[in-house]
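Me: Could you take a close look at one part of this protein for me, the largest nonpolar core? I would like to know which residues and which elements make it up.

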Amino acid sequence: MPGPKDSISIAVQTNRFNLQALNDFIDRSVARNLKGEINGEVDIEGPRDDLEASGEVTLSNGAVRVVDAGIRLDNMRSTIQFKPDQIELVNFRMKSGNGNLNAQGALALEKLVPGNIDVNIKAKNFKAANTDEYNGIVN
């Protein structure tokens, strides 16, 4: 095991990872028909007691059916940037029903330990639920 001052370098890369590969591992009573593609690279480097992350991951053409809510989330796309002091949600977009939801924000990091979260979410006619018991639209 490396000591606290020994350097570590980890690189994780994905090129067109198809999220459909995860459908066999998802509880079908929770979610179904997961789709989308993930691309990106994240590097974690530095002394073990002061690791820093860098890189970017993108989601494109995402979709999933949320069983309990009775909705389907479509056209999901996102960009997440990893920086030494934060993980930034540059954008996150998805559609449900006739509406959409957009989010941006950041999670502060200190030595890769999560800190404060600052997220802005905007929705317009976003279908959050559609069941026999309840129906929810977010504006």
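Reply: Happy to. Let me start from the outside: in this predicted model, the accessible surface of the protein comes to about 9,100 Å², and 49% of that belongs to carbon and sulfur atoms. Turning inward, 24% of the 139 residues count as buried.

The overall form sets the scene for the core. The protein has nine strands and zero helices. Its radius of gyration is 18 Å, whereas a compact globule of 139 residues would have one near 14 Å. Along the principal axes, the C-alpha atoms fill a box of roughly 60 × 30 × 25 Å.

Now to the part you asked about. The largest nonpolar core has 15 residues, and those touching the most other members are Val64, Leu73, Met76, Phe92, Met94, Leu101 and Phe126. Two or more residues come from each of β2 (31–47), β3 (52–66), β4 (71–83), β5 (86–96) and β6 (99–110). Among these, β4 gives the most, with three residues. As a general matter, nonpolar side chains tend to be buried together in soluble globular proteins.

Leu101 is a good place to zoom in. Leaving aside residues up to four places away in sequence, Leu101 touches Phe92, Arg93 and Met94, and also Ile121, Lys122, Ala123 and Phe126. Phe92, Met94 and Phe126 are themselves among the core residues that touch the most other members.

Stepping back to the whole protein, 40% of the contacts between residues at least 6 apart in sequence join residues at least 24 apart.

Note on methods
Residues numbered from 1 in each chain as written. Predicted model: local features only at pLDDT ≥ 70, side-chain atom pairs only at ≥ 80, totals over all residues. Heavy atoms only, no water. Core = buried A, V, L, I, M, F, W, Y, C linked by side-chain atoms within 4.5 Å. Buried < 20%, exposed > 50% of the residue type's maximum accessible area, 1.4 Å probe, protein only. Helix = DSSP H or I, 4+ residues; strand = E, 2+ residues; numbered from the N terminus. Contact = heavy atoms within 4.5 Å. Rg over C-alpha atoms; globule rule 2.2 N^0.38 Å. Areas by Shrake-Rupley, 256 points an atom, 1.4 Å probe, with all protein chains shown as cover.
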